[in-house]
Amino acid sequence: MPVNGLGAYDDSNVFAKILRGAIPCRKVFENEWVLAFHDINPQAPVHVLVIPKGKYVSLADFTAAASEAEIAGFFRAVGALANELGLEAAGYRVLANMGPDAGQEVPHFHVHLFAGHNLGPMLTRR
Ligand code: 5GP
C-alpha cells in the first residue's frame with residue numbers, strides 16, 4: 001500500500017491512459033523511464049508534465065517504492081529535458097503536488113516543468 005492517503009494505484013487514472021496510448025497527449029520526450037507531454041491546461045508558456053513509466057501514485061510512493069534506477073532515470077530525464085528545451089539560461093521551476101493539501105489531482109506521480117517567463121513567487125499568498 002502506498003505511504004500516503006491516495007490509496008492503491010488505479011489504472012483508470014488519466015496518466016495511466018496516456019501511458020498505454022488509450023488517450024492522446026502532445027508528447028515532448030520519452031525514454032525507458034519517463035514520458036513527458038504538454039499539460040492540457042498550461043499555467044505558463046512552457047508547462048510540461050513528466051511522469052515515470054512505473055505505477056506510483058505520488059512523490060511519496062515513488063521515493064519510497066521505486067528502484068534507484070527508476071529514481072535516477074526519472075530525475076536525470078527531467079534535467080536533460082529542461083536542457084534540451086533550452087530552458088537553463090532563463091531558468092525554470094519543477095513542482096510536484098503530493099496529496100490533498102497540495103491539490104494533487106492525478107494519482108500517478110508527476111512533476112510539472114514550468115518556464116517561459118518570470119514565474120513569480122513560489123507560492124500564492126493566502
Ligand atoms: P496535479 O494537480 O495532479 O499536480 O496536476 C495534474 C495536471 O494534469 C494538471 O495541470 C492538469 O491540467 C493536467 N491534466 C489533467 N488531465 C490531463 C490530460 O488529459 N492531458 C494532459 N496533457 N494533461 C492533463
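This passage looks at one helix, one histidine and the ligand site of a predicted model.

Helix α3 makes a handy starting point. It runs from residue 68 to residue 84, which gives it 17 residues. From the first C-alpha to the last, α3 reaches 24 Å, close to the 24 Å expected at 1.5 Å a residue. Several of its residues are tucked away: Glu-70, Gly-73, Phe-74, Ala-77, Val-78, Leu-81 and Ala-82 are the buried ones. These residues cover an arc of only 160° around the axis, so they sit on the same side of α3. The spacing fits a general rule: an α-helix has 3.6 residues a turn, so residues three or four places apart point the same way. Turn to the other side of α3, and Glu-68 and Arg-76 are exposed.

What do the buried residues of α3 pack against? Their partners are the strands β1 (27-30), β2 (34-38), β3 (46-52), β4 (93-95) and β5 (111-115), along with helix α2 (59-65). Ala-80, also found in helix α3, falls between the two extremes: its relative accessible area is 31%, so it counts as partly exposed. Between Ala-80 and Asn-118 there are 21 Å in space, C-alpha to C-alpha, and the two are 38 residues apart in sequence. After the helix comes Gly-86, whose phi is positive, near 75°.

Strand β5, one of the elements packed against by α3, is home to His-112. Is His-112 buried or exposed? Its relative accessibility is 11%, and because the cut-off for buried is under 20%, His-112 counts as buried. Leaving aside residues up to four places away in sequence, His-112 touches Asp-39, His-47, Val-48, Leu-49, Arg-93, Val-94, Leu-95 and Asn-97. With one of these, His-47, there is a polar contact between the two side chains, at 2.8 Å.

His-112 turns up again at the ligand. There are 16 residues around the ligand, and those that come nearest are Asp-39, Asn-97, Glu-105, His-110 and His-112. Both backbone and side-chain atoms come into play here. On the backbone side, an N or O atom of His-38 lies 2.9 Å from a nitrogen atom of the ligand, while one belonging to Val-106 lies 3.0 Å from a ligand oxygen atom. As for side chains, an N or O atom of His-110 is 2.9 Å from an oxygen atom of the ligand. Taken alone, the ligand exposes 520 Å², and the protein buries 86% of that.

How values were computed
Residues numbered from 1 in each chain as written. Predicted model: local features only at pLDDT ≥ 70, side-chain atom pairs only at ≥ 80, totals over all residues. Heavy atoms only, no water. Helix = DSSP H or I, 4+ residues; strand = E, 2+ residues; numbered from the N terminus. Expected span 1.5 Å × (residues − 1). Buried < 20%, exposed > 50% of the residue type's maximum accessible area, 1.4 Å probe, protein only. Arc of directions from axis to C-beta. Contact = heavy atoms within 4.5 Å. Polar contact = N/O pair within 3.5 Å; in protein donor to acceptor, adjacent residues only side chain to side chain. Near = heavy atom within 4 Å. Areas by Shrake-Rupley, 256 points an atom, 1.4 Å probe, with all protein chains shown as cover.
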